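Hi,

Here is the structure I promised to pass on. Have a look first, and my notes follow below.

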Amino acid sequence: MDEEQQRLAALDAYFAQHTGPELEAHSQRSPVKHDASSALAAVSGIDDPELLRDLLAAGIRPETFACLALLPLCEVAWADGDISSRERDAILKAAVQHGIESGTAARALLEVWLATRPELKMVDAWKEYIAALAVRLPPDRAKHLAEEILGRARDIAATSGGILGLGAKVSVSEQFVLDELEHAFRP
């Protein structure tokens, strides 16, 4: 197992350890509708069969990947110390657009992140995962992934910004988090 696969396996182990019995119960109730590779491809947008095999071998599940895609949105929303109702609604809307429905393990984990800021270890794990993934993707795909994730995070940052449409839409603390997230995509 190479260094990237070890990082991916460590990330999945971390998520498995921190999801708890409630999320595991959701996961066990969720019927598998596609084979694992197809499900992960649908959730991640990755169409590289080798990369999909590597992710599956490392233990990355579709539910885990879906949550990973929304972690940056939660982190930006928490940047100012709490999540506004507008930010929460925007994140839940993004979750539905990303295929995360109520009653799923992914939604349960997202609800935890909306109630309690994800641990720094979780954010660091996301950064490591993205760095490993960005290196494995062709440059144009890595750029597209970064633009998509960072674009959604910027939208969340702007959701509650300004007062009556005046002033900065993105706070200093939100911009700091956005910069940190962007840095994770750089090899």
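To start with a small one: is Ala115 buried or exposed? Ala115 is exposed, with a relative accessible area of 58% (exposed means over 50%, buried under 20%, partly exposed in between, with a 1.4 Å probe and protein chains only). Ala115 sits in helix α6 (helices are DSSP runs of H or I, at least four residues, numbered from the N terminus). From Ala115 to Trp78 the C-alpha distance is 10.0 Å, with their positions 37 residues apart in sequence.

Before you go on: this is a predicted model, where local features need pLDDT of at least 70, side-chain atom pairs count only at pLDDT 80 or more, and totals for chains, interfaces and linings use all residues. Residues are numbered from 1 along each chain as its sequence is written, and side-chain values use heavy atoms, leaving out hydrogens and water.

Now the aromatics. Rings of Phe, Tyr and Trp (its six-membered ring) pair if their centres lie within 6.5 Å; planes under 30 degrees apart are stacked, over 60 edge-to-face, the rest tilted. That gives one aromatic pair. Trp126 and Phe185 have ring centres 5.9 Å apart and planes at 75°, so the pair is edge-to-face. Trp126 lies in helix α7 (residues 120–136) and Phe185 in the segment after α9 (172–184), so the pair ties together parts 59 residues apart in sequence. Trp126 is buried at 1% relative accessibility, and Phe185 is buried at 10%.

Cheers

Note on methods: Helices (H or I, at least four residues) and strands (E, at least two) are DSSP runs, numbered from the N terminus.
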